[in-house]
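This briefing covers one protein chain, by topic. Please read it alongside the sequence and the coordinates.

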Amino acid sequence: MKIHSHHQKAANFKGFIPESTLKALRKQNTQESVSALNSCLGFNAVLKGAYSVNPDKVARELQDKFHINADFGNNPVFAAFSALTVNIFQKLGFAKPPSILLKDFRGTIYESYLGICATYPCDNSLYRKFHEDFPLRSVIMNRQQNWESIQERMLVLKKQKLLSTSHFLAPFIHEFVHSAHLDNLIKKYGNGSKLMGKFQKEFKNADTISLIKKETGNYASTSPCEMVAEEMTQLIVDSLNPKTILPNEMIFKMQRAKEPFNMDFLIDACWNGDVAKVELFRKRKNRLIDFLKNNAQS
């Protein structure tokens, strides 16, 4: 998830979201503020319990139950957030990453990222620092992020219209979606990394960029694979029970704010590896709106 640190000012506090913020969100009483409030309440509850978590024990349980290799860097909060995300993906039936790792990205091209998903068999920048290649589809998160303050940061990024949701688990869910997306491409075509590379090319079509920004957020409008990750992250967050932070059900239909943009058409094409259809949206020159109108019922 390529979210850069200059988008956020220094936090005034770390950890629990204060009552003043909760009160302000209650007062707004909008769909977005209710979602943010639920996340803040869930974050406070999880953070309170996370301090008693044994990271090594969580890592052993993930290995035993799901065959996931985990290195939490002895960070109990990171371990708790990771385990929650694994349980969400398990309940939804999505593929889970083979590894969840907490690494120091300083000295790599990912220094200001919250996290990444290993979508290629090797990564030169990571290899130069760690002298190893990480398993394909691994989720690797940035140790330099203070995960105890992630909720405040997500509120800021959402307010800036950068992301689709302000949920504290969104950085984890986002990278897990990349991993599940790659898993789907590998199962269908074998060389999933090659296809994923095509979907990492930036959008060039101004209509597509504008519409995705309005529907989802600025970051989703950068490339097809990021659009899928952000859209799916929002869908998953919207399915979560605020009290259990587990999905009640997966809701794939979203009310679209703008027409005639058929976002589902693009999401499905990218998720399933249909390069030709995705290119209709990505390229600079095409009659996108007319195409969508003609194919809205297909």
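The model is predicted. Q145 is placed in the loop between β4 and α6, and that loop is the starting point here. The notes then turn to the aromatic pairs, strand β2, helix α7 and the chain as a whole.

**The loop between β4 and α6**

- Q145 is buried, with a relative accessible area of 9%.
- Leaving aside residues up to four places away in sequence, Q145 touches L114, I150 and R153.
- W147 belongs to the loop between β4 (139-142) and α6 (150-159). W147 is buried, at a relative accessible area of 1%.

**Aromatic rings**

- The chain has 15 aromatic pairs. One of them joins F78 and W147: the ring centres are 5.9 Å apart and the planes stand at 55°, so the pair counts as tilted. The label follows because planes under 30 degrees apart count as stacked and those over 60 as edge-to-face, with the rest called tilted.
- F78 sits in helix α4 (residues 76-92) and W147 in the loop after β4, so their pairing ties together parts 69 residues apart in sequence.
- F78 is buried, with a relative accessible area of 0%.
- Ring pairs also link F78 and W147 into a cluster with F43, F72, F81, F168 and F172.
- A charge is placed over a ring as well: the charged end of K103 sits over the ring of F130, 5.5 Å from its centre.

**Strand β2 and its pairing**

- K103 is also part of strand β2 (residues 99-103), where five of the five residues are buried.
- In a regular strand the side chains alternate between the two faces of the sheet.
- In β2 both faces are covered, with S99, L101 and K103 buried on one side and I100 and L102 buried on the other.
- Strand β1 (residues 69-71) pairs with β2 in the parallel sense, over three bridges.
- Which residue of β2 is the bridge partner of A70? The partner is I100.

**The loop between β3 and α5**

- T119 lies in the loop between β3 (115-117) and α5 (124-130).
- Is T119 buried or exposed? T119 is buried, since its relative accessible area is 8% and the cut-off for buried is under 20%.
- T119 touches L136, L182, S193, M196 and Q200, not counting residues up to four places away in sequence.

**Helix α7**

- Helix α7 covers residues 170-189, which is 20 residues. From its first C-alpha to its last, α7 reaches 28 Å, close to the 28 Å expected at 1.5 Å a residue.
- An α-helix has 3.6 residues a turn, so residues three or four places apart point the same way.
- α7 is mostly covered, with 16 of its 20 residues buried.
- Just after α7, G190 takes a positive phi of about 85°.

**The chain as a whole**

- The secondary structure comes to 13 helices and four strands.
- The chain has 298 residues, of which 52% count as buried.
- Among contacts in the chain with a separation of 6 or more, 68% are between residues 24 or more positions apart.
- About 14,500 Å² of the chain is exposed, and carbon and sulfur atoms supply 49% of that area.

Key: Residues numbered from 1 in each chain as written. Predicted model: local features only at pLDDT ≥ 70, side-chain atom pairs only at ≥ 80, totals over all residues. Heavy atoms only, no water. Helix = DSSP H or I, 4+ residues; strand = E, 2+ residues; numbered from the N terminus. Expected span 1.5 Å × (residues − 1). Buried < 20%, exposed > 50% of the residue type's maximum accessible area, 1.4 Å probe, protein only. Phe/Tyr/Trp six-rings, centres within 6.5 Å; stacked < 30°, edge-to-face > 60°. Lys NZ or Arg CZ within 6 Å of the ring centre and 35° of its normal. Contact = heavy atoms within 4.5 Å. Areas by Shrake-Rupley, 256 points an atom, 1.4 Å probe, with all protein chains shown as cover. Pairing = 2+ DSSP bridges.
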